[in-house]
Amino acid sequence: MSSLIPRDEQDAASIVAQAKGRGTLLNLCGNGTKASMGRPSQTDATLSAAALTGITLYEPAELVISARSGTPLSEVVDTLAGQGQQLPFEPMDYRPLLGSQGEPTIGSVAAMNISGPRRIMAGAARDSLIGVRFVNGRGEVIKSGGRVMKNVTGLDLVKLMAGSWGTLGFLTEVTFKVLPRPERMSTLLIRGLDDGSAVAALSAALGSPFDVTGAAHLPAPDRQGARTLIRLEGFSVSVDYRLNELRRLLKRFGAADILEGRGAEAVWQSVRDATVLQERADRAVWRVSTAPTRGPSLVARVAAAVEAQWFYDWGGGLVWIATPAEGDLGAGAIRAATRELGGHAMLVRAPDADRSRLDVFEPQPEAVMALTRGIKASFDPAGILNPGRMYAGI
Amino acid sequence: MSIAFPTPDEAVLSRRNEILAGLGRLVAPEALIVTEDERRAFETDGLTAYRQLPLAVVLPSSTEEVAAVLRFCRDQGVKVVPRGAGTSLSGGAIPQPDAIVLGVAKMNRVLEVDFENRVARVQSGITNLAISQAVAHEGFFYAPDPSSQLACTIAGNIAMNSGGAHCLKYGVTTNNLLGVTMVLLDGTVVELGGRHLDSPGYDLLGLVCGSEGQLGIVTEATVRILRAAEGARPALLGFERVEDAGACVAAIIAAGIIPVALEYMDRPAIRICEAFAHAGYPLDVEAMLIVEVEGSDAEIDDMLRRIVAIAEPFRPKTVKVSQSEAESAAIWKGRKSAFGATGRVADYICMDGTIPTGQLPHVLKRIDEIAKSYGLGVANVFHAGDGNLHPLVMFDTAKPGEMEKAEAAGEDILRLCVEVGGCLTGEHGVGIEKRDLMTCQFNAADLEQQMRVRGVFDPGWLLNPAKVFPLEGRVAA
């Protein structure tokens, strides 16, 4: 398969225009670290953003950064750190889970709406993404949004691009709102809770006025090994005060330890990257989003039907589930649970063959699919951009 | 009038009786407003310089009724102008003679509050403030707080993706909306999102938010509710130079502090507000900041101490740190009365553009020059943290031609915002007011892509037409 690596936006536009003329199906990527996610699509050539690199604007006082889409995420993260700032949505690194190599790009973070545990407080990538430039399937360069955080001028195509997995356009430049890095990060750790009590504890913490920025529960085969984590960030005085208040609030769930420094960073990184489920590389991995308090019931239903490991991120708003890579990989049980309890599931890790025959994304009602097809056609009438990556025909 | 409306569809006007009879079969008699006197209440919104009587007004009571009305209008080729409380400042809810107004104000109930999952499900005609009031007894609130929050509906907030003074910390509507029930023009009811934090497939919820009523009618919404901070207190800082105030804003943010509100007022605005509210504002400064932080008393003290220290190098002439609720209320009273107080001294139009905050001194200087070149005054009150400007261009309606001058000055100001890297509207929406300026922010390809997406939802352009996009610009999917 040929590899097309445009040197700039205009080049990308002519490549796509030509591909449209010839009916060449394009597989869009950055550096390919997440090539094994989504539905496998049959394409004729790869269109890579690898050469579209460089930070194009960074104004720390305005809390805004723009970069070409192929810029390594690490470059953006390091540049921000140099000024004491960060991407507030704490993007997950999929490499450990997928076993892939190379540098994830900032464009893929936008295209796949990749977020992490701070999501409960700061929102997902889509909440921080304020501007995009992209080439649509007609080979036209389009811009939406901009570099200011409040903007209601016209339709918000920025949101539409976030999480569209390259099916609507080839991103060339993205602009994110950023936030200061907190002076201090501290984590309350409660041991030995079952899933139900853990989620109750997390809900209590999240319902407090203390601005919790991370909430997770890592179950263990012996309940004593289970860990429930609540993260606080901010100025030191404030973190101290809030730790005390939260300890008092959560007393009924047991004594809480305080984690700081490297150990605490490592544990949040493992929550962010789902490395908790990384060990068994032969397992399928699902990412399930549901109302926080419904997580334990959802897990109980799934675990009754298939052998499963799991953990909770975002106060139970997100459940990561590993299942045996055989049969339907637990799809039936998981989808039945999301239908009944509300929510949706994405098959994150599975062999190509399984991702071809099973729904990778939650199936949508026909009326929503009709809109989805219409939107796809309005951006990419010839259907040449990442065909079928999200849904059949999309 | 300088903003054009399309020529009404004679065929629709001539079938008025038939259309009214059809609508009458779909909703209760009291939900259909047909007399001229009663329709008059709906002839404009917050952009009162423009008025048009609608064909009729329909105020349904349920999602099913909305679906029936939309399906009927689609079949009959009748345009539909959605309306919440009619507080739009950009003419987003101004009717047209061949269109019906579909108001959601009767659907105003809280359907469910789920404190554990921190969400509320409401009908879309509920006012913004009523959501916060419904959850206040447990210490929760709904964060986006447009100035009109007492009156404006969540439907209108979703249509305009509204913000408010607190959005630097809490985001705007799109960041606080988890799901909607929306009726498409053909009567299909779709559920987008839910009470979980994100959704599969394309982010249709994000697309609908801010679409100014052109994609469908939202009848229910699921919103995030947040636990309120333990307390909040502002400090007031006055500066001799505009540049110092701007640099102080940048320094606060660079120090890692995201205040819950960061408001800027220039000299004319300070004088007007002080004369009205007697808030104790300094009259000898060029610019004033109100910086509010949240938390426990000790946290607030710590944060305000830091802010005062950060301001020091910029030689503030006034530093007033509120020590009590009464002092806080006084500081805010002046700011919150800005629009009303300005209305006492002059007629004005309130502009709404956004700029990169680094451009603040340059833009304020240029705004002043632009206003002067038309022989008009201007006062500036705005959210400094996010660069959302609200220049109040003052004029005298009694003097012929002054309003046109004010509109022209406003247009120049918005062009300036785009020129320096900002945008035409930060929170009021495009509506009819800024429709004809869209081409200065977007090129033809940008606009056509937006219009094609619009066309997917409403191929006949019947939903809130003549708004947002240039009149001649209609593009099908």
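Where in chain A is the place of A:E90? The place of A:E90 is in the loop between β6 (85-86) and α3 (95-98) of chain A, as the second view below shows. This is a predicted model, in which local features need pLDDT of at least 70 and side-chain atom pairs count only at pLDDT 80 or more, while totals for chains, interfaces and linings use all residues. Residues are numbered from 1 along each chain as its sequence is written, chains are lettered from A and ligands numbered from 1 in the order in which they are written, and side-chain values use heavy atoms, with hydrogens and water left out.

**View 1. The contact between chain A and chain B.** Chain A brings 73 residues to the contact and chain B brings 89 residues, where contact means heavy atoms within 4.5 Å. About 6600 Å² is buried between the two chains, and carbon and sulfur atoms give 59% of that area; buried area is the accessible area (1.4 Å probe) that two parts lose on being put together, summed over both. In chain A, the residues that lose the most area to chain B are A:K150, A:V152 and A:L155, together 13% of what that side buries.

**View 2. A:E90 in its loop.** Although A:E90 is not a glycine, its phi is positive, at about 55°. A:E90 has a relative accessible area of 12% and is therefore buried (buried means under 20% relative accessible area, exposed over 50%, and partly exposed in between, with a 1.4 Å probe and protein chains only). The elements that flank this loop, β6 and α3, follow DSSP runs numbered from the N terminus, with helices being H or I of at least four residues and strands being E of at least two.

**View 3. A:D211 and its partner in chain B.** A:D211 lies in the loop between α8 (195-206) and β12 (214-218) of chain A, and its phi is near 50°, a positive value in a residue other than glycine. Because its relative accessibility is 24%, A:D211 counts as partly exposed. The side chains of A:D211 and B:K169 meet in a salt bridge (3.5 Å, N to O), a term for a side-chain nitrogen of Lys or Arg within 4 Å of a carboxyl oxygen of Asp or Glu. Across the interface of chain A and chain B, the rule finds 7 salt bridges.

**View 4. A:H344 in strand β18.** A:H344 lies in strand β18 (residues 344-349) of chain A, and A:H344 counts as buried because its relative accessibility is 6%. Not counting residues up to four places away in sequence, A:H344 touches several residues, including A:R287 and A:E362 in chain A and B:H196 and B:D198 in chain B.
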